[in-house]
Amino acid sequence: MAQPRVFCLVLLTVALGAQALTPSHHLSLSDVDRLKGLLSQPFTDLASAYYSIVGLSKLGASVADENDACQFLKAQLDPMSVDSLFFAAEASQAIADCEVSIFNETRDILLAAVSEDSTVTQIFRAVSALSSLGLPLASQEVVAALVARIAKEDNVLAITTALQTATRLSQQAELGGILEEIEDLAARLDDLGGVYLQFEEGLEATALFVTAAYTLSDHADTEPPLKEDQVIQLVNSVFSKKSWDSRSEAFSVACAAAALSSNRFHVPVIVSTQGPATVSHSQPILHLLVTDILSNPLASANLLVESAQAVASKSVVLSQAPFSLRNGIFELNFMASQPASGYYQFTVAVTGDSRLVANQVELKVKVSTEVAVTNMDLSVVDKDQSIGTKTSRVDYPFKAKGSFTADSHQNFAMNFQLVDANTGVELTPHQTFVRFHNQKTGQEVVFVAEPDSKNLYKFELDTAERKSEFDSMSGTYVLHLIVGDATLENPILWNVADVVLKFLDEEAPAAIQSKTLYMPKPDIQHLFREPEKKPPTVVSNTFTALVLSPFLLLLILWFKLGANISNFSLSPSSVLFHVGHACMLGLMYVYWTHLNMFQTLKYLAIIGSLTFLAGNRMLAQKAVKRYEVICVTG
Amino acid sequence: MSNSVISVISRFLEEYTTKTSNKLKVVDAYLFYILLTGALQFLYCLLVGTFPFNSFLAGFISCVGAFILGVCLRIQINPDNKGDFLTISQERAFADFLLAHTVLHLVVINFIG
């Protein structure tokens, strides 16, 4: 199951980049089996019997027990109901030697259903039942009724059903108007990302539309007005769902699959590989399968490589090379063209049938090879005077005989070449690593070996420069060479030699840092903000008393000055004023302790306005009194 | 030098006690009280620290504001200044004083925390 899916993904990514759209979904053999399984489930009523029997017949299979099914149809038939007659008649047509009995009234009932007053579904069922039972019907009347109903029921399902009805009428009837509905309906499809084309009503509506469009086109011998890209997008929509919710959905998918694999105009073709598309010297042949959407091999197809281009160098390796057919699988010996290892972009074309749609497919093929390490030379070079002291050659897969010692005055050097084991061409794989492993401390240091312009790999270790990576731990390090790449079939892990490294000023690290990296860190205790230091209560109380003391002084001074309230007139306004003023001061205290600004302002407004009015009056009275005194005294 | 200072001060005090009316002296006593209160608050802040800084500010500004309003009242009710304040009667000055104080108290209480 994973293989077609992986391939579908690859094909999808390739298809999105390619100019011509190719199907990203189809029914693999296991999908077809699953579909048949769903349709083969036991049926309980006529409708499910119809879906199962007719659906399986479209897929080229049949129900488990045909006799049983036939008996069931006959028993369940209600000769007064149009739906019942439709299901039974259609299902019995799909079973060999199964005939449903007809009464005299049957024809009348069915013909009565064909009128402008019945729904399109009723008309369709009546017409289908009439034609399956071999009863005569007037095609022109049906066309008139359909046209009238389409005008009234303008939804997708109704028009699709009308298209289906038209396939049962005689070819002499005027089906032109109904044929035009295919194009109108296709315009209503929703384009999702350029990959899917479906009705918002869902999968079943889309599948039924595909079935109706192609069946009617075949019946009327007119090419359906669907472009190649639209057909592929419809294929993607209908076959993207691999497990179906209901029998009717499975039935619609089965009908669509049958219509798309065997109509006279458009047959989408699927080109797939068996397993990953890889060739190598041991497996030089590229196998491809060419099938229709039901994964049935196409009878009269020919496969041709239009071009095979290397992805890296863009050079064309193969052009116009045909595949040979063997046991239903197309084969091509790609290694015969002696391609270098790497990825190749293939453009293949399927020919042989003018109905084929999406017959130009792009594939990515990988050519893999084996790598060999040659001319591996290890040496210890003195820094000040580059005399190559000891150069030893080591052959793969053996280990160097002695160990190499390098201290801070010396460099350790490694030269080698990587070649294709089969062709001798120099290779530059993605991964060429040199790994030093200290057995005692568990340290592992990895470096990258780089090729020079002549594709010779060189690696040099400057002991003094690199001591930080080694944490200045002297000791014996085991040296490994690691070579890997996607196109290599034999990645290499080679224990080349032992290297003794001596570092100056050796600090013994307490423990290897990496160990403590993944242990829980020490807890952080949250320190709440310390409240500010307050002075002792004694001091505060003293100063409170001190600050309040000038009030006493004020009272004494006023007394000495002779200030008094002897002139206090007890008029209501002055009483009210003083009471109001006292209330305002009291309100200030209450504001401090209980209220917020809004409440205070509210109370202040009330008390303040009262106090103001009273105060105004009181002060006016005082002013009048004062002027009287001034006037009197002259 | 100090002699002349002492003589100036004594002359000032003499003029003050004789020439100023009682009403003004009452207001002056009130101003002196406000001044003392403010000074003591400031002293506390210097000695002990600014811990509830908002409270200190509220109290100190209350003293300063009250002092200023008191000074305004004194200026406005001084009969010698009548020429500068023709439209403002004594009662009006007092009413203004009370209104300004209401607003000052509202703000101070809001800030005192």
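Contact here means heavy atoms within 4.5 Å. With that settled, I opened the predicted model and began with a single threonine.

**Entry 1: A:Thr206 and its helix**

I looked up the neighbours of A:Thr206. Leaving out residues up to four places away in sequence, A:Thr206 touches A:Leu189, A:Leu197, A:Gln198, A:Phe199, A:Leu234 and A:Val238. I then asked myself whether A:Thr206 is buried or exposed. A:Thr206 counts as buried because its relative accessibility is 1%, and the cut-off for buried is under 20%. Its side chain also reaches the backbone oxygen of A:Gly202, at 2.8 Å.

A:Thr206 sits in helix α11 of chain A, residues 203-220. I checked the length of this helix: the end C-alpha atoms of α11(A) are 26 Å apart, which agrees with the 26 Å that its 18 residues should span at 1.5 Å a residue. Most of α11(A) is covered, with 14 of its 18 residues buried. Just after α11(A) comes A:Asp221, and I noted that its phi is positive, near 55°.

**Entry 2: helix α12 of chain A**

Two of the neighbours from my first entry, A:Leu234 and A:Val238, took me to α12(A), where both are buried. Helix α12 of chain A covers residues 228-239 and reaches 17 Å from its first C-alpha to its last, close to the 16 Å expected for 12 residues. I found 10 of the 12 residues of α12(A) buried. What do the buried residues of α12(A) pack against? They pack against α11, α13 (247-261) and the strands β1 (190-192), β2 (196-198), β3 (267-268) and β12 (356-357), all of chain A.

**Entry 3: a leucine in a strand**

Next I turned to A:Leu289, which is in strand β6 of chain A, residues 285-291. A:Leu289 counts as partly exposed because its relative accessibility is 23%. I looked across to A:Val271, 18 residues away along the chain, and found the two C-alpha atoms separated by 5.6 Å. Apart from neighbours within four places in sequence, the contacts of A:Leu289 are A:Ile270, A:Val271, A:Ser272, A:Gln274, A:Gly328 and A:Ile329.

**Entry 4: chain B by itself**

I read chain B from end to end and found four helices and zero strands, in the order α-α-α-α. Of its 113 residues, 35% are buried. Among contacts in chain B with a separation of 6 or more, 69% are between residues 24 or more positions apart.

I picked B:Ser62 as a sample from helix α3 of chain B, residues 53-77. B:Ser62 counts as buried because its relative accessibility is 18%. Beyond four places in sequence, B:Ser62 touches B:Leu104 and B:Val108.

**Entry 5: where the chains meet**

How many residues of chain B are in contact with chain A? I got 27 residues of chain B, in contact with 33 residues of chain A. The two chains bury about 2,700 Å² between them, 80% of it on carbon and sulfur atoms. B:Phe51, B:Glu91 and B:Leu106 supply 23% of the area that chain B buries against chain A, more than any other three residues.

For polar pairing, I counted four residue pairs in polar contact between chain B and chain A, both residues at pLDDT 80 or more. On the chain B side, the elements that give two or more residues are α2 (22-48) and α4 (90-112). The largest share, 14 residues, comes from α2(B). By type, the chain B side divides into 17 nonpolar, eight polar and two charged residues.

**Entry 6: salt bridges**

Over all chains I found 21 salt bridges, and one of them is between chain B and chain A. In that bridge B:Glu91 meets A:Arg626, the closest N and O atoms being 3.1 Å apart. The pair runs from helix α4 of chain B to helix α17 of chain A, residues 597-633. B:Glu91 counts as buried because its relative accessibility is 10%, while A:Arg626, with a relative accessible area of 25%, is partly exposed.

Within chain A, A:Glu153 and A:Arg149 meet in a salt bridge at 3.1 Å, N to O, and both residues are buried.

Within chain B, I noted B:Asp96 and B:Arg92, joined at 3.4 Å, N to O. They both lie in α4, four residues apart, about one turn of the helix. An α-helix has 3.6 residues a turn, so residues three or four places apart point the same way. B:Asp96 is partly exposed, with a relative accessible area of 29%, and B:Arg92 is partly exposed too, at 44%.

Key. Residues are numbered from 1 along each chain as its sequence is written. Chains are lettered from A and ligands numbered from 1 in the order in which they are written. This is a predicted model: local features need pLDDT of at least 70, side-chain atom pairs count only at pLDDT 80 or more; totals for chains, interfaces and linings use all residues. Side-chain values use heavy atoms; hydrogens and water are left out. Buried area is the accessible area (1.4 Å probe) that two parts lose on being put together, summed over both. A salt bridge is a side-chain nitrogen of Lys or Arg within 4 Å of a carboxyl oxygen of Asp or Glu. A polar contact is a pair of N or O atoms within 3.5 Å; within protein, one must be able to donate a hydrogen and the other to accept it, and residues adjacent in sequence count only if both atoms are side-chain atoms. Ala, Val, Leu, Ile, Met, Phe, Trp, Tyr, Cys and Pro count as nonpolar, Asp, Glu, Lys and Arg as charged, and the others, Gly among them, as polar. Buried means under 20% relative accessible area, exposed over 50%, partly exposed in between (1.4 Å probe, protein chains only). The expected span of a helix is 1.5 Å times one less than its number of residues.
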